[in-house]
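Here is a walk through a structure that may be new to you. Take a moment to look it over before reading on.

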Amino acid sequence: MKVPLLDLPAHHRELRDELVAAVTRVLDSGAYILSDEVKKLEEGVAAYCGARFAIGVSSGTDALLAALMAVDVGPGDEVVTTAFSFFATAGTISRLGARPVFVDIDPATYNIDPKAIERALTPKTKCIVPVHLYGQCADMKPILELAGARGIKIVEDAAQAIGARYPGGRQAGTLGTLGCLSFFPTKNLGAAGDAGMVLTDDPALAAKVRMIRVHGSEPKYYHKLVGGNFRIDSIQAAVLNVKLPRLDGWTGKRRENAARYASLFGEKGLGSKVTLPQPAYANQGLGFDHIYHQYVLRAERRDALREHLTQAGVATEIYYPLPLHLQECFRDLGYRPGSLPESERAARETIALPIYPELTAEQQSAVVDAIAGFYN
Ligand SMILES: *Cc1c(COP(=O)(O)O)cnc(C)c1O
């Protein structure tokens, strides 16, 4: 049985008529930039996430860039972030001329370790960028305390975590100064192309991000600051407006799939070979669980397992094979292999299994059977 990592055509099949109608409506309207579709999406996502303001932008990467610009990150500043994330988390810091200061992760959740943040703070620390990796919130309480006491800003990279809740009830992207979402097609809420969103409760920062999104102009052709073209397309907003009302249903399916994996792995007695994802806040009650953007195992002999699964027709991925502090482009920062051991170990030991909403019970059994076949 073939099991893909994701099946976007299947994901869109039942929505196809609505999506085509929405895209056609935009095409026929001539309103392609910052139209009512964008306004509707911003209001919808703000309400969904529990943020006062949401500003649609061109990608998750540009959401990070605009948010960092809004808190004036620039040359001479240090920005503390995790070494174990997608490149955009750190690339945006570097592009603004600031120095990314990488810290290690909690090996249980793969999220940034607050104690490591504390050790990395200096008088130059302008901002902290925690990432809510794979779909569950980083441990924000100690991070908020560290930042608050020192006047440090927090830009959350919530690209993988729309709808994930943190104890207390707030959602990913609404805990810090600003939060960033990605609607890259493979994210839990994905556009048919690139798109993203910045969240904030601060009216002044919301206005500033809106300005940064259009070259820093307000009104048009009068530039108060240097921004960029970070606008979200109306066509992408229209696609997302069709999909947003379904997001909770899809998240529910991902959670069901995760529960099914847990019971299948339990039946096979693979506990000594693989470590399943550990939802950190599930004990807080319904809705505090992981949103399972990714279902990531820590696995013995990871590379050989991956090869075995590929042969068996099961697609997998490694998020991420090389931690950020060891990327060639950051060589000048002076990190070495061994600098951040948990990030490096996660890069060697983890593997993501298919978890998408349309995945069937039969496919999941095939995945776990193939893994059992490898170890037994
Ligand atoms: C996807 C992602 C981004 C970037 O989003 P794009 O929309 O692809 O630009 C940033 N950070 C993390 C953790 C991501 O997963």
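The paragraphs below go from the domains to some strands, then to charged pairs and a few unusual backbone spots.

Keep in mind from the start that this is a predicted model. A good way in is through the domains: the assignment for the protein chain gives domain 1, residues 8–245, and domain 2, residues 247–375. If you picture the centre of each domain from its C-alpha atoms, those two centres lie 24 Å apart. How many residues of each domain are in contact with the other domain? On the side of domain 1 there are 48, and they meet 38 residues of domain 2.

The size of an interface is often given as the accessible area lost when the parts come together. Here, domain 1 and domain 2 bury about 3800 Å² between them, and 61% of that area is on carbon and sulfur atoms. Three residues are worth finding on the domain 1 side: F102, Y134 and N188 supply 20% of the area that domain 1 buries against domain 2, more than any other three residues. You might also look for salt bridges across this interface, but the rule finds zero of them between domain 1 and domain 2.

Next, follow the chain to strand 2, which covers residues 78–82. Is strand 2 enclosed or open? Five of its five residues are buried, so strand 2 is largely enclosed by the rest of the structure. Strand 2 pairs with strand 3 in the parallel sense, over five bridges. To see this pairing in detail, find T81, which stands opposite F102 in strand 3, and then T82, which stands opposite V103. You have met F102 already, as one of the three residues named for the area that domain 1 buries against domain 2. Strand 3 itself, residues 99–103, is mostly covered, with four of its five residues buried.

Between these two strands you can trace helix 5, residues 88–95: strand 2, helix 5 and strand 3 make a right-handed β-α-β unit. Strand 2 has another partner in strand 4, residues 125–129, and this pairing is also parallel, over four bridges. One place to see it is E78, whose bridge partner in strand 4 is T125.

Strand 4 leads us on to charged pairs. Side chains of opposite charge can pair when their charged atoms come close. In this structure there are 17 salt bridges. One of them joins K126 and D77, with the closest N and O atoms 3.1 Å apart. What does this pair tie together? K126 lies in strand 4, while D77 lies in the loop between helix 4 (60–70) and strand 2, so the salt bridge ties together parts that are 49 residues apart in sequence. K126 counts as partly exposed because its relative accessibility is 26%, whereas D77 is buried, with a relative accessible area of 14%.

For another pair, turn to helix 12, residues 341–349. There R345 forms a salt bridge with E349, the closest N and O atoms being 3.0 Å apart. The two are four residues apart in helix 12, so about one helical turn separates them. R345 is partly exposed at 27% relative accessible area, and E349 is partly exposed at 23%. This pair belongs to a network of salt bridges that links R298, E342, R345 and E349. Elsewhere, R331 forms a salt bridge with E328, with closest N and O atoms 4.0 Å apart; both of these residues are exposed.

Finally, let us look at the backbone. Most residues other than glycine have a negative phi, and most peptide bonds are trans. Where does the chain depart from this pattern? The peptide bond from E218 to P219 is cis, with omega near -5 degrees, and P219 lies in the loop between helix 8 (203–213) and helix 9 (234–243). The bond from Y319 to Y320 is cis as well, with omega near 10 degrees; Y320 is found in the loop between helix 11 (302–311) and helix 12.

Positive phi values appear too. D72, in the loop between helix 4 and strand 2, has a phi near 65 degrees and is partly exposed at 49% relative accessibility. Y292 has a phi near 50 degrees and lies in the loop between strand 8 (274–275) and strand 9 (295–299). Y292 is buried, with a relative accessible area of 5%.

Technical notes: Residues numbered from 1 in each chain as written. Predicted model: local features only at pLDDT ≥ 70, side-chain atom pairs only at ≥ 80, totals over all residues. Heavy atoms only, no water. Buried < 20%, exposed > 50% of the residue type's maximum accessible area, 1.4 Å probe, protein only. Pairing = 2+ DSSP bridges. Right-handed = clockwise from strand over helix to strand, strands pointing away. Salt bridge = Lys/Arg side-chain N within 4 Å of Asp/Glu carboxyl O. Domains from an automatic or database assignment. Contact = heavy atoms within 4.5 Å. Buried area = accessible area lost by both parts, 1.4 Å probe.
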